[in-house]
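I opened the model today and kept notes as I went. The entries follow the order in which I looked things up.

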Amino acid sequence: GFSGGCEVEGTLWSGPKLGAFEWRNSTSETSFRGSEVSVRYQPWRIVFGGVPAVVRSVSLQDVKATIDLRNPSDKKEPSGERGGKDARFPWQRLPQPLIDVTALDVTVLMPNDRSARLEDFHVHVRQGEVGTLSFEALTLPQDPRLNLEQVSGALSYTETGVHLADLTLLPEWTCESFDLAVSAEQFLQLKSTLALYESRIQAAATIGREVTLSLSEGKLDVERVGEDWFPDLPVGGALDALKVTLNGMEETWNRWNLEGHLSVTGPSYGGTSMQTIDLELVQAADGVNVLAKLDLDASNQIRVTASTPALAEKLDSARLPWSVRLDAAAPILNAWLSAVELPVSVASLTGSLAASGEGTTLGELDGELKIGAVSKESWQLPALVVKAESLVEDALGHRVSLHSEEDLVDGALEFDSSFGTYHGQMMVECKSLTRLQPEAQEAVQLSGGGKIE
């Protein structure tokens, strides 16, 4: 429990005023002290304006609070319930009292010697006026680069909520607007616009119903973000499209409707770059679908699609059905490889390959990929055809074969995964290693095979 004392003024009819107070918890370092905490209310106003009209003012003066979360005494197990709840706000608007907070300090003690601290927090706002919100520092236990200093913004009341504007958080990061309000259906709504470098990102949420996130203006320079936040990652490019929509959140998570799209122009890592990357994700009643489009350059494209059927609320990854398909249309792949200075040369890559299964077990495998001539240093391999198929009547079930031009190289891998582990056999034959490495002095033949598990 708590022990301590304070000076008490006010009445039950108008509200209490606590002065020169100090309380400490007997089993932790949680404590509260300060010069004044007061709440003024007028109960009769409930007749005309409902509960939100009752509270007329809230004042905190020079309050210092320490909240110890290192040894919570009442750990509650999650109920496991998701969705199906009415998330409506109990009132048609937020209370809008006069708020006067001066020199509030809050320290939160966390496990593993972590802590968070808000220093010198001030708020002053009343109906019909533009007020202020500011604090000297916010120290977080994660990345020190997220710590904030000397932050201030304009605060005001709206018809059903509150509006915050022009809050500079970090260099190149400004919260241009943040709105918290109550919708006509009595759901809490949040809307925000963040100016991030030379772009703007908008976010909106209806609590318990839907969330949206989008790049509304400009392009986000990935290289500048990398330099500021991930200096060890040599990344580049420009995020020029981002949109995520999530709704149906009143249902269980597996019934949510999710649509996401992301596009990056000129993505690069180290010395490797490509023209564009497009990612699309859709979760609907019939399942989850993912599409990745990689445009290496104007002439070479790779497409990857993946999907699962409708998800169960409790996932069993060992029995989750899935399917994946690769489509390659890169007829002059060598031009792109030369441009990015990779140490291997591949003339082309065309064809498709599809696979499906359940968990880690492969069910179906089918397709054909044509790989143009491959070379690396002194080694040269002629064009190859890789063919994959499922063998219904074969004990091993799956076969991947490889055949080169001029019958120079032949290979086959047969395997089975029906028992959760992969086992099979492999064969490879090369008629002349000399033709693979023209600079070799002697002609050498290679053939053989064996089991692989």
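**Entry 1: the whole chain**

I began with burial: of the 453 residues of the protein, 30% count as buried. The model is a predicted one, and I looked up its confidence next. The mean pLDDT of the protein is 87, and 90% of its residues reach 70 or more. I noted one stretch to treat with care: over residues 449-453 the pLDDT stays under 50. For that stretch the model has 12 contacts beyond four places in sequence.

I then looked up the secondary structure and found four helices and 32 strands in the protein. The accessible surface comes to about 26900 Å², and carbon and sulfur atoms account for 55% of that surface. I also looked up how far apart in sequence the contacting residues are. Among contacts between residues at least 6 apart in sequence, 40% join residues at least 24 apart.

**Entry 2: the cores**

Which residues have the most contacts inside the largest nonpolar core? I found Phe121, Val123, Leu133 and Leu155, in a core of 33 residues. The strands that each supply at least two residues of this core are β6 (98-110), β7 (114-125), β8 (131-139), β9 (148-157), β10 (162-170) and β16 (235-247). Another core, of 10 residues, lies apart from the largest one, and Ala328, Ala330, Leu337 and Val340 are among its members.

I picked leucine 133 for a second look. Leaving out residues up to four places away in sequence, leucine 133 touches Phe121, His122, Val123, Val151, Ser152, Gly153, Leu155, Leu164 and Leu167. Phe121, Val123 and Leu155, on that list of contacts, also appear with leucine 133 among the residues with the most contacts inside the core.

**Entry 3: serine 199 and isoleucine 207**

Serine 199 is in strand β13, which covers residues 199-206. Is serine 199 buried or exposed? Serine 199 counts as buried because its relative accessibility is 1%, and the cut-off for buried is under 20%. A polar atom of the serine 199 side chain lies 2.8 Å from the backbone oxygen of leucine 196. Beyond four places in sequence, serine 199 touches Leu194, Leu215, Glu217, Gly218, Lys219 and Leu220.

I moved on to isoleucine 207, which is in the loop between β13 and β14 (210-217). Its relative accessible area is 39%, so isoleucine 207 is partly exposed. Isoleucine 207 touches Ala87, Phe187, Leu188 and Leu190, again not counting residues up to four places away in sequence. I also looked up one distance: the C-alpha atoms of isoleucine 207 and leucine 190 are 8.0 Å apart, and the two residues are 17 residues apart along the chain.

**Entry 4: aspartate 68**

Aspartate 68 lies in strand β5, residues 64-68. With a relative accessibility of 13%, aspartate 68 counts as buried. Which side chain makes a polar contact with the side chain of aspartate 68? I found arginine 70, at 2.9 Å. Beyond four places in sequence, the contacts of aspartate 68 are Ser28, Glu29, Thr30 and Leu109.

**Entry 5: two loop residues**

Glutamine 186 is found in the loop between β11 (173-182) and β12 (188-196). Glutamine 186 is partly exposed because its relative accessible area is 22%; the range for this class starts where buried ends, at 20%. Apart from neighbours within four places in sequence, glutamine 186 is in contact with Arg88, Phe89, Pro90, Trp91 and Gln92. Glutamine 186 and phenylalanine 89 are 97 residues apart in sequence, and their C-alpha atoms are 5.3 Å apart in space.

Glutamate 313 is in the loop between β21 (301-308) and β22 (321-330). At 38% relative accessibility, glutamate 313 counts as partly exposed. I looked up its distance to tryptophan 253: 6.9 Å from C-alpha to C-alpha, with their positions 60 residues apart in sequence.

**Entry 6: cysteines**

How many disulfides does the model have? The count comes to zero disulfides, where the rule asks for a pair of cysteine sulfur atoms within 2.5 Å. I also looked up two of the cysteines. Cysteine 6 is partly exposed, with a relative accessible area of 32%. Cysteine 175 is buried, at 9%.

Methods: Residues are numbered from 1 along each chain as its sequence is written. This is a predicted model: local features need pLDDT of at least 70, side-chain atom pairs count only at pLDDT 80 or more; totals for chains, interfaces and linings use all residues. Side-chain values use heavy atoms; hydrogens and water are left out. Buried means under 20% relative accessible area, exposed over 50%, partly exposed in between (1.4 Å probe, protein chains only). A polar contact is a pair of N or O atoms within 3.5 Å; within protein, one must be able to donate a hydrogen and the other to accept it, and residues adjacent in sequence count only if both atoms are side-chain atoms. Contact means heavy atoms within 4.5 Å. pLDDT is the predictor's confidence in each residue, from 0 to 100. Accessible areas come from the Shrake-Rupley method with a 1.4 Å probe; for residues, only the protein chains shown count as cover. A nonpolar core is a set of buried Ala, Val, Leu, Ile, Met, Phe, Trp, Tyr and Cys residues joined through side-chain atoms within 4.5 Å.
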